[in-house]
Amino acid sequence: MPFYDLRCKDCGEEFNVRASIKERENKEIECPNCHSHELEAVFKSVNIISSSKSSDSGYSCTSGCCGGSCGF
Ligand SMILES: [Zn+2]
C-alpha cells in the first residue's frame with residue numbers, strides 16, 4: 001500500500017498515513033487530530049517509489065535524435 005502525506009483542511013494537521021487507494025477514494029482516512037475526513041494531499045517529496053526511470057522529467061528526448069538534450 002502506498003503512503004500518503006495528507007493535510008487536514010479543518011485543523012491543518014499534517015500526517016503520513018499508509019492506506020489503500022480505495023480507502024483514500026472512499027475518504028476512510030481521518031485526521032488523527034480532529035478526526036475530520038476533509039483531507040488534501042501534500043506533495044513534499046517523493047515517498048512512493050516509482051518504477052519509471054529517474055531521468056523521466058517529461059522533457060527528455062523520446063526519439064533519440066540528440067541523446068536527450070533537444071527537449072523533444
Ligand atoms: Zn484535523
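**Ser 36 and the zinc site**

Guide: Leaving aside neighbours within four places in sequence, Ser 36 touches Cys 8, Asp 10, Ile 29, Glu 30 and Cys 31 in this predicted model.

Visitor: What makes Ser 36 count as buried?

Guide: Its relative accessibility is 8%, and buried means under 20%, so Ser 36 qualifies. The residue is placed in the loop between helix H1 (21-25) and strand E3 (39-41).

Visitor: Why is the pairing of the Ser 36 and Asp 10 side chains called a polar contact?

Guide: The two side chains meet at 2.7 Å, and the cut-off for a pair of N or O atoms is 3.5 Å. The side chain of Ser 36 also reaches the backbone nitrogen of Glu 38, at 3.0 Å.

Visitor: How do you know which atoms coordinate the zinc ion?

Guide: Donors must lie within 2.8 Å of this metal. The SG atoms of Cys 8, Cys 11, Cys 31 and Cys 34 are at 2.2 to 2.4 Å, so they count as donors. Along the chain, the donors follow the spacing C-x2-C-x19-C-x2-C.

Visitor: Why is the site of the zinc ion called tetrahedral?

Guide: Four donors earn that word if all angles lie between 85 and 135 degrees. Here the angles among the four donor atoms are 104 to 118 degrees, so the site is tetrahedral.

Visitor: And what are Cys 31 and Cys 34 called, buried or partly exposed?

Guide: Cys 31 has 0% relative accessibility, so it counts as buried. Cys 34 has 33%, so it counts as partly exposed, because that class lies between 20% and 50%.

Conventions
Residues numbered from 1 in each chain as written. Predicted model: local features only at pLDDT ≥ 70, side-chain atom pairs only at ≥ 80, totals over all residues. Heavy atoms only, no water. Donors = N, O, S within 2.8 Å, 3.2 Å for Na, K, Ca; no water. Tetrahedral: all angles 85-135°; square planar, octahedral: opposite > 155°, others 65-115°. Buried < 20%, exposed > 50% of the residue type's maximum accessible area, 1.4 Å probe, protein only. Helix = DSSP H or I, 4+ residues; strand = E, 2+ residues; numbered from the N terminus. Polar contact = N/O pair within 3.5 Å; in protein donor to acceptor, adjacent residues only side chain to side chain. Contact = heavy atoms within 4.5 Å.
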